[in-house]
Amino acid sequence: MNASAEWEDLVSTALVGTDRRPIPGQAASEVELLERAAVHTLRTRAGRRPVTGVEPPATAAPEEQPVIPPAAADRFAGLVEGKGPKLLDEWLEAAAGRGYRLSPHLLPRLLDHAAKDRSIRPHVGVLAGNRGRWLAGLNPSWKFLLEEVTSAAVTGFDGDEVWELGTSGDRRVYLSARRAADPAGARELLAATWEKETPADREAFLKVLADGLSDDDEPFLEAALDDRRREVRNEAAYLLSRLPGSRLGQRMAERAARHLSVKPGRILGGGKILVTPPETCDAAMERDGIRAKPPHGTGEKSWWLQQLVARTPLAVWTRLFGASPRDIVRMKVVDWRREVVAGWVRAAVVQGDPAWARELFLDDPLADLLAVLPPVEREAVAVDFVRHHADRHGRLVDRLVGVPAPWGPDLTLAVLEKILKLSSGNQSWYVGEVTRLAGERVDPALHDMAARFSPEPPIQEVAALLRFRDDMLKELQ
């Protein structure tokens with residue numbers, strides 16, 4: 001039987017079923033039918049003649065990174081297929097941080113996954129190795145990989161060569177390292193190539209300048225406010241808002257004085273904040289990062305006011321009102337309080353101001369504010385919140401996401417106690433979410449502590465997830 005006739009016979013059998021039309025020469029088995037179809041397909045592909053007149057692709061460059069250990073490879077295969085806990089991001093970060101690369105047979109699944117999830121691409125750039133970049137050159141769907149970080153940035157190749165010839169990810173890593181060692185030199189390096197950079201790279205490189213930010217950066221950032229790309233202008237405005245002495249800071253201070261004022265009270269912190277929202281959003285305001293068009297459902301004045309407050313350096317308010325952040329947050333805002341407080345929250349997060357974040361968190365415990373606090377204080381505040389605040393409407397998880405991993409023993413104990421309380425009360429529906437977050441954020445080395453804490457199923461579920469993570473990380477050592 002020729003190949004075409006054999007394939008037609010297999011298709012016919014599949015359509016009517018092996019019980020009605022057995023495979024010639026074999027027992028009636030669906031598995032055997034599929035196996036023969038697979039063999040036929042592979043034989044057909046292998047027997048094709050190469051297309052004439054087309055140059056075959058060059059071979060991939062030799063690998064320079066160590067391949068992941070076999071146990072870690074097996075673990076990755078399960079995670080990427082969705083088997084077990086959703087810890088793929090943590091695995092990728094740990095593996096890339098150790099400079100590993102994936103085995104070639106695992107690359108297609110990873111690249112397909114990264115094509116849909118941008119957040120993991122920086123790790124994938126390292127793990128893909130030279131073979132992955134070779135594949136990316138052959139498959140348009142994986143082309144994003146050619147712009148991500150490579151092993152060159154991780155292993156510290158020649159800086160000048162990386163900046164001139166590296167991928168966008170490599171250049172970003174190099175600029176970050178240069179910024180840490182020589183802030184002025186990094187800024188000058190970026191300024192020298194600024195006009196040649198792509199809009200996306202200009203935005204990414206500006207974010208690097210957040211580390212080591214100083215008044216010396218102000219002229220460069222002020223010029224960036226005239227960039228053609230809105231995201232670049234916005235990033236420059238955010239950075240300038242962290243410099244009270246900048247020209248943008250001075251312009252925002254003048255606007256703040258026109259639109260907000262204080263009527264003193266008889267007791268400390270008892271003053272009233274009087275608000276007059278902007279009537280228009282002119283070109284000068286837009287240049288300073290205030291967007292004219294509000295989101296759907298938001299009024300223009302409300303939108304402009306919130307942005308004006310968010311863009312204003314926080315030091316302006318203490319100087320303008322003559323009060324500390326604590327007293328200002330406690331003042332009554334006669335009108336437009338929601339917009340003013342939302343602007344302060346955004347400013348505290350963007351400007352990384354712990355003093356404002358601390359007081360605003362007491363007013364409204366938002367996760368973004370918690371993330372601004374120094375690590376030791378952040379965990380202490382989180383412990384106090386878990387133990388002394390009722391978890392109404394399931395808001396505990398919304399707050400705890402502001403505490404990055406790994407959680408220490410004190411916060412771990414407080415959360416385990418809360419899980420037991422929730423599981424025995426009328427909020428048992430919520431236990432799963434808290435349990436999952438604890439399993440993902442607690443230091444995995446504390447799995448024995450969790451296992452000994454209580455035999456209750458939710459606690460043992462946390463312990464099992466921590467043990468899984470502990471084993472997972474040890475396999476990458």
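Trainee: Where does Pro406 lie?

Mentor: Pro406 sits in the loop between α24 (396-400) and α25 (409-424). Keep in mind that we're looking at a predicted model.

Trainee: And what kind of peptide bond joins Ala405 and Pro406?

Mentor: Look at omega for that one. Here omega is about 0°, so to speak the signature of the cis peptide bond between Ala405 and Pro406.

Trainee: Okay, backbone angles again: which sign does phi have at Trp336?

Mentor: Positive, at about 65°, even though Trp336 is not a glycine. You'll find Trp336 in the loop between β3 (332-333) and α20 (337-351).

Trainee: How does Trp336 count in terms of accessibility?

Mentor: Buried means under 20% relative accessible area and exposed means over 50%, with partly exposed in between. Trp336 comes out at 30%, so it counts as partly exposed.

Trainee: Zooming out, how many helices and strands does the protein have?

Mentor: There are 28 helices and three strands. As for burial, 46% of the 477 residues count as buried.

Trainee: What does the radius of gyration say about the protein?

Mentor: Compare it with the value for a compact globule. With 477 residues, such a globule would come in near 23 Å, while this protein has 29 Å. Along the principal axes, the C-alpha atoms fill a box of roughly 100 × 65 × 45 Å.

Trainee: What share of the contacts links residues 24 or more positions apart?

Mentor: Among contacts with a separation of 6 or more, that share is 62%.

Trainee: How far apart are the mean positions of the positive and negative charges?

Mentor: They're 4 Å apart, taken over 65 positive and 70 negative charges.

Note on methods:
Residues numbered from 1 in each chain as written. Predicted model: local features only at pLDDT ≥ 70, side-chain atom pairs only at ≥ 80, totals over all residues. Heavy atoms only, no water. Helix = DSSP H or I, 4+ residues; strand = E, 2+ residues; numbered from the N terminus. Rg over C-alpha atoms; globule rule 2.2 N^0.38 Å. Buried < 20%, exposed > 50% of the residue type's maximum accessible area, 1.4 Å probe, protein only. Contact = heavy atoms within 4.5 Å. Lys, Arg positive; Asp, Glu negative; His and termini not counted. Charge placed at Lys NZ, Arg CZ, Asp CG, Glu CD.
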